[in-house]
Amino acid sequence: MSDHIRLHIPGPVEISPDTYEAMAAPMIGHRSKDFVALYDDIHSRLQEMMGTKQPVFLSTSSAWGVMEGSLRNLVKKKVLCCCSGAFSDKWVDVAARCGKDAEALQYDWGTPVDPADIDAKLATGEFDTVTFIHNETSTGVMNPLAEVAAVVRKYDDVLLVTDTVSSFSVVPIEFDKLGVDVLLTGSQKALALPPGLAIFTVSDRAFERAASVDDRGYYFDFIEFKKNQEKSMTPSTPCIATIYGLRHQVNKIFTEGIENRFARHEKLNNIVHDWINANGFEFFAPEGFRSKSLTCVKNNKGIDVAQLQKIMRDEHSIALDGGYGQIKGTTFRISNMGDETEETIGNLLAGLDSALAKL
Ligand SMILES: *Cc1c(COP(=O)(O)O)cnc(C)c1O
């Protein structure tokens, strides 16, 4: 049994001891040559991971900083927010709080976003921006990114902001090829780092739009990020320790091989799926739209999810998620993203077997 509560919730996820060690390197000045070398060391590999030649930015914020920042940089007319779970639903609220004209394209939780609906909305000519969540972590639904991007690209003056917070480094994502305009992720999900760092890239179309927006603020100003990145720096003092951790994780990812990393996530995800089938549980997400980084299990057997969580914590030192928001208790979620292995997922499932037998 682990000497601490091991995180199997879908973020923050468990962090490996070697990552903490890498983060404990001596501090450096953020305007020093050492920082330039650190950023340079990871930049081209982050570009490769995002499938882009555009600059990749490091934002000292959680993902929401860049999610809000994207609205402030890009929305002039009206934003269409694809809503199908906790995170995507919140984005429309955040847009309204930023004073933006925003409309929800609302789906029931668990229903994937339908590109045809986006097409119909954009055909009205009312919108200049779309927000889209690739992997809705609250429901375990992976939405059809390529199809959505293809639809938005039919409209020259509409920008697509894509949250890949829980799918980045789990499945291939080709920013340039897809024609996405902002791609963002966070440190505490599949990258298996502590929270506090967001990573994002921006298309030339989106830089052009941002340059024409007056009130985009300072902290998340895309133009400010771009000017600084040209000197391998960030606008303000970044979370350097977490960036040390990022360098370490990027090194590990390229040692493992990106393709092998995708395959590992798929394999571990399949092991979880087999366990669900073997135990008579069902999936919250429909077939063909299931996340590879976590599984949202439908509590069709009516088990006491809170009690399951308690036994997992008290007897197995494992933190398990008991469902998010409106589906709390009627679902629970099993994360397989980050540094997980067949052994750690095996331990988790053995713990679940033993806990379920006690309910
Ligand atoms: C976790 C998560 C977020 C929120 O990230 P913060 O780091 O809390 O800002 C946003 N979108 C998705 C899909 C997530 O999984």
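The paragraphs below lead through a predicted model, beginning with its sheets and ending with the surroundings of its ligand.

One sheet of the model is open and consists of 7 strands, which follow one another in the order β2-β10-β9-β8-β5-β3-β4 with mixed pairing. Its edges are formed by β2 (56–59) and β4 (102–106), each of which pairs on one side only. On average, and with direction ignored, neighbouring strands of this sheet are turned by 20 degrees against each other. Within the sheet, strand β9 (residues 182–186) and strand β10 (residues 198–202) run antiparallel and are joined by 5 bridges, and it is in this pair that G186 stands opposite A198 of β10. Helix α4 (residues 86–97) packs on the sheet, where it touches β3 (79–83), β4, β5 (129–133), β8 (159–163) and β9. The direction of helix α4 makes about 155 degrees with that of β3.

The loop between β9 and β10 contains A192, a residue other than glycine whose phi is nevertheless positive, near 55 degrees. A second backbone feature is found in the loop between β1 (6–7) and α1 (17–23), where P12 lies: the peptide bond that joins G11 and P12 is cis, with omega about -10 degrees. Both features stand out against the general pattern, in which most residues other than glycine have a negative phi and most peptide bonds are trans.

Another open sheet has 3 strands, arranged in the order β11-β12-β14 with antiparallel pairing. Because β11 (282–283) and β14 (331–335) stand at the edges and each has a single partner strand, one side of each is left without a neighbour in the sheet. The pairing of β11 with strand β12 (residues 294–298) is antiparallel and extends over 2 bridges, and F283 stands opposite V297 in β12. Across β11, β12 and β14 lies helix α11 (residues 258–278), which runs at about 10 degrees to β12.

There remains the ligand, and with it the question of which residues surround it. The shell is made up of S62, A63, W64, M67, F87, I133, N135, T137, D163, V165, Q188 and K189. Sorted by class, this shell has 6 nonpolar, 4 polar and 2 charged residues. Helix α3 (residues 63–74) provides the largest share of the shell, with 3 residues.

Several polar atoms of the protein lie at short listed distances from the ligand, and they involve both backbone and side chains. From the backbone, an N or O atom of A63 lies 3.1 Å from an oxygen atom of the ligand. From the side chains, a polar atom of D163 lies 2.6 Å from a nitrogen atom of the ligand, while an N or O atom in the side chain of K189 is 2.6 Å from an oxygen atom of the ligand. Taken alone, the ligand exposes 380 Å², and the protein buries 90% of that area.

Notes
Residues are numbered from 1 along each chain as its sequence is written. This is a predicted model: local features need pLDDT of at least 70, side-chain atom pairs count only at pLDDT 80 or more; totals for chains, interfaces and linings use all residues. Side-chain values use heavy atoms; hydrogens and water are left out. A residue is near a molecule or strand if one of its heavy atoms lies within 4 Å of it. A polar contact is a pair of N or O atoms within 3.5 Å; within protein, one must be able to donate a hydrogen and the other to accept it, and residues adjacent in sequence count only if both atoms are side-chain atoms. Accessible areas come from the Shrake-Rupley method with a 1.4 Å probe; for residues, only the protein chains shown count as cover. Helices (H or I, at least four residues) and strands (E, at least two) are DSSP runs, numbered from the N terminus. Ala, Val, Leu, Ile, Met, Phe, Trp, Tyr, Cys and Pro count as nonpolar, Asp, Glu, Lys and Arg as charged, and the others, Gly among them, as polar. Two strands pair if DSSP finds at least two bridges between them. Axes are lines fitted to C-alpha atoms, for helices over the stretch in contact, and angles run from 0 to 180 degrees between N-to-C directions. Contact means heavy atoms within 4.5 Å.
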